[in-house]
Structure formats: C-alpha cells, structure tokens
Amino acid sequence: IWLKSPSVLQGRQRKCCRIHVMRKIAASVLAVVAVAHPSNLECNDPRFDHGYEIMSLSTQRNQNDPALSFTADVESYDHGDVVTFTVKARGLKYVNEPYGVYLALRARPTLGYASDYGSFGNLSPDLQYTLDKATQGDCANTVYSASPFNGSATLTWTAGPLTYDNVTFTILWGNGVGPDDPMASKFPELTHGFNYRRTLTLRGPPMPDDPPHVQQGTATSACEAGLDGSYNHPHAPVFVQRLRTFPTKSVTFPSGQCISCREDQTRCRSAVVECPTEPGLLAIQRLYSSSSCSGEAVVSKLPTSFVYCPAPVYHSPENVDLERFVLKLQRDHSLYFIDEATARMAIAEYRRMLLLIQKFPDAPVVPSKLVDLVWHEHILDTKTYKEDSQRLFGKYVHHAPAFGDDQDEVVKAEKETMLMDQALMFEKYTQLYEELPPRAVWPTATAQRPGRLPDCCKAACVKPDCASCVGCNAVSCGTLKEDHFLQAAKHVLPDHFAGYVPAPISLQATVDQSYLCTATPMTGMTFSWTISGDLIYMSQSLEEKETWYGLGFTDVAPYNMGFSDFIVTLFNNNYTGVRDLYKYDAGNAYPCWDVLHQCSADGTAGTMDLSDRTNTRASGLSSSAWTRPLVTGDAKDSSITDVTKKVMFAYGSDDTFIYHGSNQRVICDINFFSGSVSCPTPGPPSFSI
C-alpha cells in the first residue's frame with residue numbers, strides 16, 4: 001500500500017509495538033491499511049516488473065522525470081564490491097503529496113546463480129527490509145519505505161560471491177491508490193494516484209564457462225576429490241570440453257548421447273563421449289564416420305585436461321535458481337497456485353522432472369498442469385533457461401505443447417500416446433525416488449495404496465502390502481521435445497554449425513584414477529569411497545560368494561544394530577538393488593525400509609537419499625555402488641563428518657535376506673576423510689541381521 005492510515009496504524013501499535021511483527025503482517029511497498037488487502041510487497045515481488053498493478057494502479061515506466069534522481073556511485077561491480085545508491089527529489093513534486101510518497105527497491109541479476117542476488121545494507125532511517133517468508137527474516141534484496149519519502153534516501157548494495165552478469169535495480173515510487181481500489185474512499189485529498197518505475201543496471205563479471213560452485217577448489221584430505229575438473233565424477237549427464245582458447249573457455253555436451261562433430265572436423269561426423277560410472281575413471285571418446293553414431297568407432301580415453309565429467313553441484317537441478325518464481329506463479333496463475341506451499345511443491349516436482357530427464361534421457365516426460373506452468377515460467381526467462389538447459393543437459397531442451405481439439409483424430413492419437421508416455425514416466429519416477437508422485441501435483445497419477453515402497457513390479461515383495469505398479473493416466477499438458485544434435489543437410493540456426501571437436505591424436509590420456517580410499521573389512525570384501533563436495537561416492541564388493549551383503553553406521557552405544565543406518569545390496573529372492581534401511585529401536589534384529597512410516601518409533605517416514613545405485617554380479621564377483629550426501633537431513637541417516645565412525649559390515653549365506661552367520665560380520669573404525677581404517681579380526685557375533 002502506498003499510504004499510511006493513522007487510525008489503523010495506531011490500532012496496530014496497540015496490539016504490538018515491534019516493527020518486525022508489523023512488517024511480518026504486511027511488508028508492503030509502503031505501510032499497511034488493511035491486513036487482508038493483497039498489496040503487500042514481498043521478497044522478490046514480481047510486481048516490480050512492468051505491467052503489474054499495485055493498489056489498483058498500473059506500474060508505469062518513468063526513466064527520465066527530472067523531479068527524481070536514482071543513481072549509483074559506479075557503473076560496474078565485482079564480487080564483494082559495495083555500491084552506494086542515492087534517491088533524491090529535485091523540487092517538491094514528490095515530497096508534498098497529501099499522503100506522502102513511498103519507495104520500494106529491488107535488486108535482481110540477469111543470471112541469479114544459486115539465488116545470490118547480493119544484499120542491501122546501510123539503509124537510511126526511512127527504509128526497511130521486506131520479509132522473506134521462506135526464512136522469516138529480512139529479504140536482503142528488497143526494501144521499502146517505513147515512512148514518507150523526505151526528499152533523500154540512501155542505501156548500499158554488496159555483490160555476493162555468486163552474483164554474475166548484469167544486475168538490474170528497480171525503484172518504485174507512488175503516492176496512493178487508484179480510483180477503483182476498495183480503499184480509495186479513505187484518501188479524499190488524493191486527486192491523482194500514481195505508481196512509477198525506474199531501473200538502473202550495473203555491469204558485472206560474466207558467468208564463467210564452468211559455472212561456479214558453492215564448494216570448489218582442490219581436495220583438502222586424502223579421501224576428497226577436488227571440484228576443479230581434474231577428477232571425473234560418476235554418472236554425470238554432461239561432460240565439459242575445454243577449448244584450446246585464451247583465455248580458456250569450455251562447452252558443455254550431453255554425456256553418452258550421439259552428438260555431431262563440428263563441420264570443419266575431418267576425423268568424425270558424429271561422436272559419443274561417455275562419462276564413467278565409477279569415480280576417477282577417464283571419459284571414453286567414440287568417433288564415427290557416419291552422421292548417426294553407427295558403424296565402427298575409433299575409441300580412446302580422454303584426459304581431464306581435455307574433457308572432464310563434473311560433480312553434481314555443476315549439473316544438479318537443485319542448483320537451478322527457481323526461487324524468483326514462487327511469488328510469480330501465485331500472481332500470474334492464482335487459480336492453480338492458491339498459496340506459497342502449492343507453488344513450492346510444484347517447483348520441487350519440476351526439479352524432479354528435470355532429474356528424470358537427466359537420468360532417463362531417452363524416456364518420455366509429460367508434466368502435470370502445475371509442473372507445466374512452472375516449466376513455462378522457466379522457459380520465459382529465456383537467457384537463464386538457455387544457460388540452465390545447457391548446464392543440466394548439454395543441449396537445449398524444448399517444450400512441445402499439446403493441443404486441445406479432442407475431435408481431431410491426430411490430436412486424439414497424440415493424447416493417447418502422451419497418456420502412455422506419462423505412465424512410463426511414473427514408473428521411472430517410482431524407480432528413482434522409491435515413492436509415488438504426490439497427487440496434489442500429479443492428479444493424473446493412478447491411485448495407489450498408501451506407502452512408499454521400492455519396486456514391487458520388479459521383484460517378489462518382502463511384505464504383502466507393497467504398492468502396485470503405476471498405471472495409465474489422462475494428460476492435457478505439454479511434453480518434452482528433443483533438440484537432436486544430428487541435423488539434416490540444410491541448417492537453419494547458427495547453433496547447428498557447432499559441434500564436438502575430437503581430441504588431437506597427439507594428446508596422451510593419463511592413467512585412470514579410481515576411488516581415493518579403500519578398506520578390506522573382511523576376507524573377500526572391499527569397500528571404497530571418494531568424497532566430493534557435500535557428496536560421498538561408495539562401492540562395496542564381495543568375491544566368490546553369491547549372497548546379500550551390506551554395511552551399517554552405528555552411532556549409539558553399545559554400538560550394535562539398534563538405531564542404526566544401513567545400506568544393503570540384494571540380488572535375488574527379495575528386493576533387488578541397493579537399499580536404504582533403518583533400525584528404529586534398540587537391540588539386534590531386522591532393519592526395515594527407511595522410507596516407511598512404520599519404520600519409525602513416531603511414524604515418521606524417511607527419505608530415499610541414495611542415488612546412482614547399481615549392482616552387478618559376474619565372474620564370481622558381486623559389486624554395488626551408490627552416492628549419498630554426507631549429511632542427508634534425514635533423522636534416520638547417520639551423518640558422515642571428519643570424525644571416526646563405527647561401521648558394521650556383514651554378508652549372508654545366500655541371496656535370501658536373513659541372518660548372516662557367526663563369522664560373517666565385523667565392526668570397523670573409519671574416518672571417511674583421512675582414510676584411517678581399523679578393522680578387528682572377525683570373531684563371535686556382536687550384532688546380527
């Protein structure tokens with residue numbers, strides 16, 4: 001609201017005198033007249049943008065009015081720089097309004113990597129921060145007037161360590177409400193309400209070709225891999241090719257997919273570069289003389305100085321800046337996003353859809369209505385979407401709309417295909433997350449019995465009440481459309497002339513690396529790991545025995561199975577795969593699935609925190625691998641920090657998940673950072689599965 005009503009404000013002050021509480025109730029562009037009025041500015045409010053309304057007044061551009069100046073003391077910035085902004089009235093035009101003039105300012109980078117928009121500070125007394133509902137604290141990049149503009153206001157802005165590219169600073173100033181606003185009658189002396197907008201842009205450092213990381217640099221302990229591109233990370237959906245330019249630049253391509261070689265290259269017309277499934281191994285290059293990656297290939301390994309496979313912090317959908325859409329979805333699509341919780345849930349499911357595209361690049365993706373709207377908003381931020389798409393997938397991911405003419409046979413056939421495609425997508429969703437898509441966001445998901453269980457479709461169930469398989473669903477939204485790198489002879493876009501440049505023949509591949517730390521807890525069993533940023537890659541193998549095996553983290557004395565976190569590998573008879581389990585009470589007995597509500601003393605479900613799970617058995621060797629965060633945030637998981645932990649290892653007598661036997665278990669002391677390992681000789685059982 002642009003105006004203060006003294007009677008209302010005095011009534012509010014009787015209820016509470018703390019400015020934070022008043023702001024929490026109504027952090028508006030100005031002060032508050034009515035709690036229920038929808039004019040309160042919020043953190044990153046989209047109404048700063050042209051075309052929106054505030055208090056029934058359209059926001060109008062006003063870049064050149066000499067009666068108000070909005071200036072910065074510099075024209076460009078670098079990380080950590082402090083910029084001073086000044087707002088000054090020239091004359092009395094914006095000072096002598098009958099109810100005062102109020103201001104609001106917002107900072108927003110063109111590329112908001114990791115949501116680092118910098119932060120305002122040193123506010124003059126008439127300014128205050130808006131409320132960040134997510135944290136219930138100050139919104140660092142949005143401020144507004146706490147009292148009428150007196151002709152001068154100042155503040156500073158500090159560029160963050162991950163603030164890049166141009167940053168646009170928007171100032172709004174206004175004097176009240178429009179004639180059609182329900183509160184207009186309260187301001188009889190207001191003859192002409194206005195809401196003006198002006199922008200000022202500072203140039204900043206360009207986004208690097210290798211996007212920055214929250215955690216970066218070289219390793220600091222024996223078991224840590226650096227994030228500088230010298231060590232390949234497993235299951236990367238993209239690879240980064242370092243270009244031989246000065247200064248050094250790079251380009252991101254999809255891993256494991258057929259891509260065109262650049263047209264000026266004579267050694268190949270198409271290529272596939274495969275990132276490893278085991279950390280540290282070199283990427284594999286396959287060059288083809290055909291345009292479709294068919295026929296005989298010339299195969300070689302690529303040194304990380306030429307091509308590297310980045311860590312998840314580079315390509316994870318969790319690092320895509322979508323925070324700015326929370327309020328925009330509510331403003332632009334209020335029929336669907338009735339509150340902030342709905343918007344955040346849809347954004348979370350959109351991130352999951354992006355991960356599905358990464359993990360299953362050849363599988364169809366068909367969003368629900370809510371997810372589709374999030375996708376639309378992301379796409380409309382064209383520059384950022386292109387950057388995000390390249391970083392996540394190594395290519396531009398297109399959106400193909402569905403058409404609504406149910407009488408058209410072609411459209412009907414297309415919808416039937418999409419219906420089947422979405423059913424397949426739900427199967428992949430359940431496979432990846434070990435839970436069903438939430439029907440609040442995916443209402444077309446087939447109704448299923450309650451519970452979050454692993455793949456009952458693929459193996460006999462340990463319990464009789466496991467969830468059924470995902471079925472077919474109706475759908476009316478858009479779908480994923482591939483932008484194939486392989487183009488016809490006629491090129492349309494300049495991008496189509498780009499492509500992969502193969503490694504020079506003279507370039508020598510370095511030796512493969514592997515897991516950085518290894519333990520041998522028992523004869524025939526090997527356990528290996530590498531820490532990278534906030535993740536840990538783990539693998540476990542067992543020789544000459546066809547049986548289940550596993551490990552467990554025990555943090556509570558007397559250090560047995562009670563209240564412990566387990567990772568068990570199963571091959572046959574029961575569930576197959578690498579499973580996350582938990583023992584929710586004291587003593588030795590069977591653990592249960594982490595994600596089950598009933599696997600908890602208080603009925604709380606855990607989360608599936610293992611990713612990139614694989615298990616194989618060949619030539620007498622059973623092996624498995626997985627990735628998990630060091631600290632998952634799940635109360636059922638043990639945190640891995642730079643301290644010595646007690647780790648249990650065991651294996652069974654066959655593939656049936658039952659008691660392991662008296663001499664098939666051991667407890668080791670392991671520091672996962674330093675690599676220090678101490679495992680006693682197996683003796684009488686002190687715990688059992």
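# Structure briefing: helices, strand pairs and cavities

The buried residues of helix 7 are Thr384, Tyr385, Asp388, Ser389, Arg391, Leu392 and Phe393. Helix 7 covers residues 382–393. The model is predicted. The protein chain carries 8 helices and 33 strands. Of its 689 residues, 52% count as buried.

**Whole chain**

- Take the contacts between residues at least 6 apart in sequence: 65% of them join residues at least 24 apart.
- The exposed area of the protein chain is about 30,300 Å². Carbon and sulfur atoms supply 53% of that area.

**Helices 6 and 7**

- Helix 6 spans residues 369–380, which makes 12 residues. From its first C-alpha to its last it reaches 17 Å. That is close to the 16 Å expected at 1.5 Å a residue.
- In helix 6, 9 of the 12 residues are buried, so the helix is largely enclosed by the rest of the structure.
- The buried set of helix 6 includes Leu370, Val371, Leu373, Val374, Trp375 and Ile379. Asp372, Glu377 and His378 are buried in helix 6 as well.
- Helix 7 also has 12 residues, and at 1.5 Å a residue they should span 16 Å. Its end C-alpha atoms are 16 Å apart, which agrees.
- Glycine 394 comes just after helix 7 and takes a positive phi of about 75 degrees.

**Strands 22 and 23**

- Strand 22 (residues 517–522) and strand 23 (residues 525–532) pair antiparallel, with 4 bridges.
- Alanine 519 has phenylalanine 527, in strand 23, as its bridge partner.
- The two strands form a hairpin with 2 residues between them. Glycine 524 sits in the turn, with a positive phi of about 85 degrees.

**Strand 24: two buried serines**

- Serine 539 belongs to strand 24, residues 535–543. Serine 541 lies in strand 24 too.
- The relative accessible area of serine 539 is 13%, which falls under the 20% cut-off, so serine 539 counts as buried.
- Serine 541 has a relative accessible area of 15%, and therefore it is buried by the under 20% rule as well.
- Beyond its neighbours within four places in sequence, serine 539 is in contact with Tyr515, Thr526, Phe527, Ser528, Ser624 and Ala625. Among them is Phe527, the bridge partner of alanine 519.
- Serine 541 touches Gly524, Met525, Thr526, Tyr549, Leu621, Ser622 and Ser623, with residues up to four places away in sequence not counted. Among these is Gly524, the turn glycine of the hairpin of strands 22 and 23.
- Thr526 appears in the contacts of serine 539 and in those of serine 541.

**Strands 31 to 33**

- Strand 32 (residues 665–671) is mostly covered, with 5 of its 7 residues buried.
- Strand 31 (residues 644–651) runs antiparallel to strand 32, and 7 bridges join them. One pair in this register is lysine 646 with aspartate 669 of strand 32.
- Strand 32 also runs antiparallel to strand 33 (residues 677–678), joined by 2 bridges. Here isoleucine 670 stands opposite valine 677 of strand 33.
- Strand 32 and strand 33 form a hairpin with 5 residues between the strands. In that hairpin, glycine 675 takes a positive phi near 90 degrees.

**Tyrosine 575**

- Tyrosine 575 is placed in the loop between strand 26 (565–570) and strand 27 (577–582).
- Its relative accessibility is 1%, so tyrosine 575 counts as buried against a cut-off of under 20%.
- Tyrosine 575 and phenylalanine 657 are 82 residues apart in sequence. In space, C-alpha to C-alpha, they are 9.0 Å apart.

**Cavities**

- Rolling a probe the size of a water molecule over the atoms shows where empty space is left.
- A search of the whole structure finds 6 cavities of 30 Å³ or more. The largest cavity has a volume of about 120 Å³.
- The lining of the largest cavity consists of 13 residues. Those nearest its centre are Cys43, Asp132, Glu323, Leu327 and Arg344.
- Strand 8 (127–132), helix 4 (325–332) and helix 5 (340–359) each supply at least two residues of this lining.

Definitions and conventions: Residues numbered from 1 in each chain as written. Predicted model: local features only at pLDDT ≥ 70, side-chain atom pairs only at ≥ 80, totals over all residues. Heavy atoms only, no water. Buried < 20%, exposed > 50% of the residue type's maximum accessible area, 1.4 Å probe, protein only. Contact = heavy atoms within 4.5 Å. Areas by Shrake-Rupley, 256 points an atom, 1.4 Å probe, with all protein chains shown as cover. Pairing = 2+ DSSP bridges. Expected span 1.5 Å × (residues − 1). 1 Å grid on protein atoms, 1.4 Å probe; cavity = no way out; pocket = protein on both sides within 12 Å on 5 of 7 lines; lining within 4 Å. Points joined across faces, edges and corners; volume = space filled by probe spheres on them.
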